[in-house]
Amino acid sequence: MVEEEGFRRYVAHAILWIGIAIVAFPVYIAIVASTQDNALIANGQMSLLPGGHFFEVYYQTIFVGTSGSTREPVGNMMLNSLVMALAIAIGKIAISIISAYAIVYFRFPFRMAIFWIIFITLMLPVEVRIYPTYKIVADLHMLDSYAGLALPLIASATATLLFRQFFMTVPDELLEASRIDGAGPLRFFWDTLLPLSRTNMAALFVILFILGWNQYLWPLLITTRDDMQTIQVGIRKMITTTDALTEWPIVMATAVLAMLPPVFVVVAMQKLFVRGLVETEK
């Protein structure tokens, strides 16, 4: 019996390492390709070992840009993506937690009808309402701006639903105790609910930051200037239809750099993220 459990453990670890290798190998290839000579990659002669152009390629990628499709430095693209992702994540959380608070703790006409209207918007992603959204943004002169990148995407029915479900598990005794202490609605929200929602907010922030960082279609539509394009759009513009014209080391370096902020956010907030996902009792 002990031998059988040991064999199962080895099989489970072997499967785990195979999965890690499958996921990590493309990342390794991207890192290696970013250090190679462009001619070797274009001719299909790229080595599986790192080349000698690491500092040269990454300096050109971050501070100079490509010489063909877009001359915008990737550092500026990453800044645009970072501003957009932070604005989307923070905006979604702020609007959603306030909406959920109003729905759960205030009594007003058509309260549940408003909640279900918000919930129904889950069936209307950006791709479905892309034309009217673009028209409104254009009429408000928000093309090629951070406001145009972030504002149409900051409403979140999913986050509102999650906060509502959490607020419904908060004991009524906390609300009564706050009233006895003379706390009004804002103080109850700020001093009681926000601290209790910390892990939920952290988990949502990680998910929403990655969602905002990986946006492609919306930034592609509303950015016409190279200095306002995000890193996802920049990668696509760097890849031309002719392989000989594509600066593959810079493309691969850009792809590697594009992975760093989401990885940093996940690693930095890992404990809060896991607690926010698995914690059921507050």
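This is a short talk through the helix packing and a few individual residues of one predicted model.

Okay, let's start with the whole chain. What is the secondary structure made of? The protein has 15 helices and 0 strands. The radius of gyration comes out at 24 Å, and the globule rule would give 19 Å for 282 residues, so the protein is more spread out than a compact globule. If you lay the C-alpha trace along its principal axes, the spans are about 75 × 70 × 30 Å. Buried residues account for 39% of the 282. And on contact order: take the contacts between residues at least 6 apart in sequence, and 72% of those join residues at least 24 apart.

Right, on to helix pairs. Generally, you describe two packed helices by the angle between their axes and the distance between the axes. I've got two pairs for you.

Pair one is α4, residues 74-105, with α10, residues 185-196. Their axes come within 12 Å and cross at roughly 115°, which makes α4 roughly perpendicular to α10. The crossing is right-handed. Which residues do the touching? From α4 you have Ile97, Ile98, Tyr101 and Tyr105, and from α10 you have Pro185, Leu186, Phe188, Phe189, Leu193 and Leu194. Sort that contact by class and you get 10 nonpolar residues, no polar ones and no charged ones. If you click along the α4 side, keep the usual helix geometry in mind: with 3.6 residues a turn, positions three or four apart point the same way.

Stay in that area for a second and look at Ser197. Ser197 sits in the loop between α10 and α11, and α11 covers 198-213. Buried or exposed? With a relative accessibility of 0%, Ser197 counts as buried. Skipping neighbours within four places in sequence, Ser197 is in contact with Ile97, Phe163, Phe166 and Phe167. Ile97 is one you've just heard, from the α4 side of the α4 contact with α10.

Pair two is α5, residues 111-120, with α8, residues 157-167. Here the axes come within 8 Å and cross at roughly 135°. Roughly antiparallel would need an angle over 145 degrees, and 65 to 115 would be roughly perpendicular, so α5 and α8 are oblique to each other. On the α5 side the contact uses Met112, Phe115, Ile118 and Phe119, and on the α8 side Ala157, Thr160, Leu161 and Arg164. The class count for this contact is 6 nonpolar, 1 polar and 1 charged.

Now some backbone oddities, for anyone who likes Ramachandran plots. The loop between α6 (130-139) and α7 (146-150) holds His141, and Asp144 lies in the loop between α6 and α7 too. His141 isn't a glycine, yet its phi is positive, about 60°. Asp144 isn't a glycine either, and has a positive phi of about 55°. How accessible is each? His141 is exposed, at 72% relative accessibility, whereas Asp144 is buried, with a relative accessible area of 14%.

Next up, α13, residues 231-238. Of its 8 residues, 6 are buried, so α13 is largely enclosed by the rest of the structure. The buried ones are Ile231, Gln232, Val233, Gly234, Ile235 and Met238. What covers them? The cover includes α4, α11, α12 (217-222) and α14 (248-268).

That brings me to α14, and two residues there. Ala253 lies in α14 and is buried, with 0% relative accessible area. Leaving out residues up to four places away in sequence, Ala253 touches Ser34, Val57, Tyr58 and Thr61. For a sense of scale, measure in your viewer from Ala253 to Thr160: they're 93 residues apart in sequence and 37 Å apart in space, C-alpha to C-alpha. Thr160 is in the α5 contact with α8, on the α8 side.

The other residue in α14 is Pro261. Pro261 counts as buried, at 16% relative accessibility. How far is Pro261 from Met78? Along the chain they are 183 residues apart, and their C-alpha atoms are separated by 8.9 Å. Pro261 touches Met78, along with Phe209 and Trp213, again not counting residues up to four places away in sequence.

That's my tour, thanks.

How values were computed: Residues numbered from 1 in each chain as written. Predicted model: local features only at pLDDT ≥ 70, side-chain atom pairs only at ≥ 80, totals over all residues. Heavy atoms only, no water. Axes fitted to C-alpha atoms, helices over the stretch in contact; angles between N-to-C directions. Helix = DSSP H or I, 4+ residues; strand = E, 2+ residues; numbered from the N terminus. Parallel < 35°, antiparallel > 145°, perpendicular 65-115°, else oblique. Left-handed = near helix turned anticlockwise from the far one by under 90°. Contact = heavy atoms within 4.5 Å. Nonpolar A, V, L, I, M, F, W, Y, C, P; charged D, E, K, R; others polar. Rg over C-alpha atoms; globule rule 2.2 N^0.38 Å. Buried < 20%, exposed > 50% of the residue type's maximum accessible area, 1.4 Å probe, protein only.
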